[in-house]
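Please open the structure in your viewer and keep the selection tool at hand. The tour below proceeds from one selection to the next.

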Amino acid sequence: MTVYDQHYINGVWHPSSSTEFIPVVNPATGEEISSVVAGTSADVDAAVAAAAAAGPGWSETPVAVRAKLLEGVSQGLTERLEEIAQIISQEMGSPIGFARAAQLPLPIHSFGSAAQIVSEFDFEHRQGPSTIVREPFGVVGAITPWNYPLFLVACKVAYALAAGNTVVLKPSEVAPLSTIALVDIFDSVGLPPGVVNVVFGSGPVVGEAIAGHPDIAMVTFTGSTGAGRRVAELAAPTVKRVALELGGKSPNVVLHDADLSKAIPAAVQSAMMNSGQTCSALTRLVVPREKQAEVESLVTAALSGYSVGDPTDEKTVLGPLSSVRQQRRVLDYIAQGKAEGARLVTGGGTGRPEGDRGAYVEPTVFADVDSSMVIHREEIFGPVLVIEPYEDEDDAARIANDSVYGLAGAVWSGDSARARSFARRIKAGQVSVNGSPFDPNAPFGGYKQSGIGREAGLYGLEEFLEVKAIQD
């Protein structure tokens, strides 16, 4: 077992001021596979100082050079895909097939796309009597979660670097090992010292030190809405720019004329992807009341191939949740759904063999769910789908938008124009129509309490740039 007792600061592995460690546990076995040092505010100070010192040189580095380095990172991830996919599978339980198909291809795309977009970006243009200039903020603090441990790092770091910022990153303490592999790639492509710095540790210590640091000009955070509020609170005294990608409770609306044979299997897949540990998962299936029984039958049939299993097995679709803590949280929500009177269609337990230590929860479906229930309102972040019946299209829109969240949504209809029209009624940052393919360059972010700002693509680059008007 490798113990990581240092942080990555100014291009080298730097001793920590801490002697405490955080275990990294394989959630499929319950075994400790590594540990990382629990950083302190002093470690954050050192990382910020390194990032600030590297800032002027990096921001003045030609765009073509920055882009080439990002392309190199994308290529390095491609060459090490299998190795890093195995790491992610071990550190957070992602089935190896999903790790290969999504957990690595997505960050590979992010670094490559950031390189391409910045190469074509106009950093200044003339507008009337003014020259409009886009400039980097300076030092960006990035705080990322465990569910897509490398992709969500890439969403922030790739575009922040492309824009000319330097970065202090706190990866999730639950799944930090894939970030360590990424640091190796940064070194291999020749990223200048101090441009990216990594401090391990907990949110209440390292995350809060980053969010409130006076020399960090912008903080970007992905995680729960509650933690996002805390980041914004800590950032407020220095009035730094804040970008937040937070929780979701996203609706998947099936209109009366939709083809259920297509819509329902796709709806199950979107809810269960990554064991339901996806912030934009479509976990509320909003269906015509008169078709609810048929929908339940189709959902049950679709789930027949979704049994939980060993994430190292090539055939496994659902691995364990990221931790025993997360497993207990999801099981508590399932118990609450039963207590509130929701009807359990299938699942509800761990689905694991007796004596297995893995943090499993079997795919679970509730029906007859209404807006008074906690399982309608709160993000569960596990393989739990709720079916919510509606009377007519206006009622469907009301149910879809009856949430403090607005991260994602979807609509199905036999008439594509009707589906697009309904999509405009959903108050969310990203809405899929009739199972449209995922666009990794589309702006991603939320309405309401799902966040502030956008990630990915052109909008993801612009998020990391200040705007200046030079009136000459």
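Begin by selecting Met1, Val3 and Phe21, which make a nonpolar surface patch of about 300 Å². Please bear in mind that this is a predicted model. Within the patch, turn to methionine 1, which is found in the segment before E1. Is methionine 1 buried or exposed? Its relative accessibility is 62%, so methionine 1 counts as exposed.

Next, select strands E1, E5 and E4. In that order they form an open sheet of 3 strands with mixed pairing. Strand E1 (2–4) and strand E4 (21–26) stand at the edges; each has a single partner strand, so one side of each is left without a neighbour in the sheet. On average, neighbouring strands of this sheet are turned by 30 degrees against each other, direction ignored.

Now restrict the view to E1 and strand E5 (residues 31–37), which run parallel and are joined by 3 bridges. Here tyrosine 4 stands opposite valine 36 in E5. Then add helix H3 (residues 81–92), which packs on the sheet and touches E4 and E5. The direction of helix H3 makes about 105 degrees with that of E4.

Move on to valine 239, in the loop between helix H9 (225–235) and strand E12 (241–245). Valine 239 has a positive phi of about 50 degrees, although it is not a glycine. With 70% relative accessibility, valine 239 counts as exposed.

Finally, select alanine 456, in the loop between strand E22 (451–452) and helix H16 (457–462). Alanine 456 is not a glycine, yet has a positive phi of about 80 degrees. Alanine 456 is buried, because its relative accessible area is 8% and buried means under 20%.

Notes: Residues numbered from 1 in each chain as written. Predicted model: local features only at pLDDT ≥ 70, side-chain atom pairs only at ≥ 80, totals over all residues. Heavy atoms only, no water. Pairing = 2+ DSSP bridges. Helix = DSSP H or I, 4+ residues; strand = E, 2+ residues; numbered from the N terminus. Axes fitted to C-alpha atoms, helices over the stretch in contact; angles between N-to-C directions. Contact = heavy atoms within 4.5 Å. Patch = residues over 30% accessible without salt bridge, like charges linked within 9 Å, V, L, I, M, F, W, Y side chains within 5 Å. Areas by Shrake-Rupley, 256 points an atom, 1.4 Å probe, with all protein chains shown as cover. Salt bridge = Lys/Arg side-chain N within 4 Å of Asp/Glu carboxyl O. Buried < 20%, exposed > 50% of the residue type's maximum accessible area, 1.4 Å probe, protein only.
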